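This report describes the fold, strand pairing, nonpolar core and backbone geometry of one protein chain. The sequence and the structure are shown below.

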Amino acid sequence: MRTITAAFKRASLPRAAKRGGTLPPFLGFLACLTFSVTAAGCSPVTGTVDGAAEDFSLLRRDMQAACEPVTGNLLGNPGFEQPSPGAPDGNGQAVSGGNPPSSIPGGPLGPWDGCCSQPTGGTSWTVRTTMPHCGARAVAVASEKASANVLNQRVDLAAYSGRSVRASAFVFIAQAQSGAALAVDLFDLTASQIIASSPPLDATTADWRYLSVTGTVPTGGAVQIRLRSTGSFSAVVDDAAVVPQ
Ligand SMILES: [Ca+2]
């Protein structure tokens, strides 16, 4: 960079600048913008100049690429990799209204299922190959004025009653309007109530984020993991897990 800058100065600067004078404002701006000049005084300062804050997002993403199956994960099709038998491209979908029925494969107790109907708005979940966190597929979430819509999968945790269980997923929010929220819930099907919720994400994310929540398995162990959508946003979810602790 310093070599390029020096060469540029020698070849191109007006005579006044070579003598130690100042560049005309436009040329000064152009030099800063185009050549990321290392000298002080560039304005506007951009994030690409030497010495500015580095962007570690790619590095973090690379380090995160531990795409091994999560030990003890009780979910079926946790990374949305299992092809949908009913879809020509293998990419299933579900809608909050439940019609048409979900075509996203799940576990022994049922598919990844969409819920629930509301007078206006709703959420669709569509498996896509465009932006997986791991593997080849992830599920795209499109919420429009959603009212606590959920993509859920039921798991039988009877053997773990009274024990702690962790539910988690990786999420990426591409667009979000005010009032949007995406969270992971553990839900007690017997009492029909939320056991515990992760902190919600309510704005766009620069990278994949890990949402997780821990709760106690109720007697009988009839539990769902729920990816809960509120408001209007678009997101991608991958690599969900339910793991007894
Ligand atoms: Ca995946």
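## Backbone conformation in the strands

Asp-239 lies in strand β10. Its phi is positive, at about 50 degrees, although Asp-239 is not a glycine. The model discussed here is predicted. Asp-239 counts as buried because 24 other C-beta atoms lie within 10 Å, the threshold for that class being 20 or more.

A second residue of this kind, Lys-145, is found in strand β5. Phi of Lys-145 is near 50 degrees, again a positive value in a residue other than glycine. Lys-145 has 17 C-beta neighbours inside 10 Å and therefore counts as partly exposed. Such values deserve attention because most residues other than glycine have a negative phi.

Two peptide bonds are also to be noted. The bond from Asn-99 to Pro-100 is cis, with omega near 5 degrees, and Pro-100 is found in the loop between β1 and β2, the latter spanning residues 104-107. The bond from Cys-115 to Cys-116 is likewise cis, with omega near 0 degrees. Cys-116 is found in the loop between β3 (110-115) and β4. In general, most peptide bonds are trans.

## Overall architecture

The protein chain contains four helices and 10 strands. Read along the sequence, these elements follow the pattern α-α-α-α-β-β-β-β-β-β-β-β-β-β. Of the 245 residues of the chain, 33% count as buried. Among contacts with a separation of 6 or more, 70% are made by residues 24 or more positions apart.

## Strand pairing

Strand β10 pairs in the antiparallel sense with β5, with β6 and with β7. A further antiparallel pairing joins β7 to strand β8, residues 193-197. The table gives the bridge count and one pair of opposing residues for each.

| Strands | Bridges | Opposing residues |
|---|---|---|
| β5 and β10 | 14 bridges | Ser-143 and Phe-233 |
| β6 and β10 | 10 bridges | Ala-167 and Val-242 |
| β7 and β10 | eight bridges | Ala-181 and Thr-230 |
| β7 and β8 | four bridges | Asp-185 and Ser-197 |

Strands β7 and β8 form a hairpin with four residues between them. In the turn, Ser-192 has a positive phi of about 50 degrees.

## The nonpolar core

The largest nonpolar core holds 45 residues, of which Val-139, Val-171, Ala-235 and Val-237 touch the most other members. The elements that give two or more residues to this core are β1 (93-95), β4 (122-128), β5 (138-156), β6 (164-176), β7 (181-188), β9 (209-216) and β10 (222-244). The greatest contribution comes from β10, with 10 residues.

Which residues does Ala-235 touch, when residues up to four places away in sequence are not counted? They are Val-141, Val-171, Phe-172, Ile-173, Ala-174 and Leu-182. One of these partners, Val-171, is itself among the core residues that touch the most other members.

## Two residues with contrasting surroundings

Val-150 lies in strand β5. Val-150 is buried because 22 other C-beta atoms lie within 10 Å. Leaving aside neighbours within four places in sequence, Val-150 is in contact with Cys-115, Arg-226, Leu-227 and Arg-228. Cys-115 is also the residue from which the cis bond to Cys-116 begins. Between Val-150 and Ser-96, 54 residues apart in sequence, the C-alpha to C-alpha distance is 7.0 Å.

Is Gly-179 buried or exposed? Gly-179 has 12 C-beta neighbours inside 10 Å and so counts as exposed, since that class covers values of 12 or fewer. The place of Gly-179 is in the loop between β6 and β7. Gly-179 and Asp-202 are 23 residues apart in sequence, and their C-alpha atoms are 7.1 Å apart in space.

## Summary

Strand β10 recurs throughout this description. It gives the most residues to the largest nonpolar core and is joined to β5 by 14 bridges. Strand β10 also contains Asp-239, a buried residue whose phi is positive.

Technical notes. Residues numbered from 1 in each chain as written. Predicted model: local features only at pLDDT ≥ 70, side-chain atom pairs only at ≥ 80, totals over all residues. Core = buried A, V, L, I, M, F, W, Y, C linked by C-beta atoms within 7 Å. Contact = placed C-beta atoms within 7 Å. Pairing = 2+ DSSP bridges.
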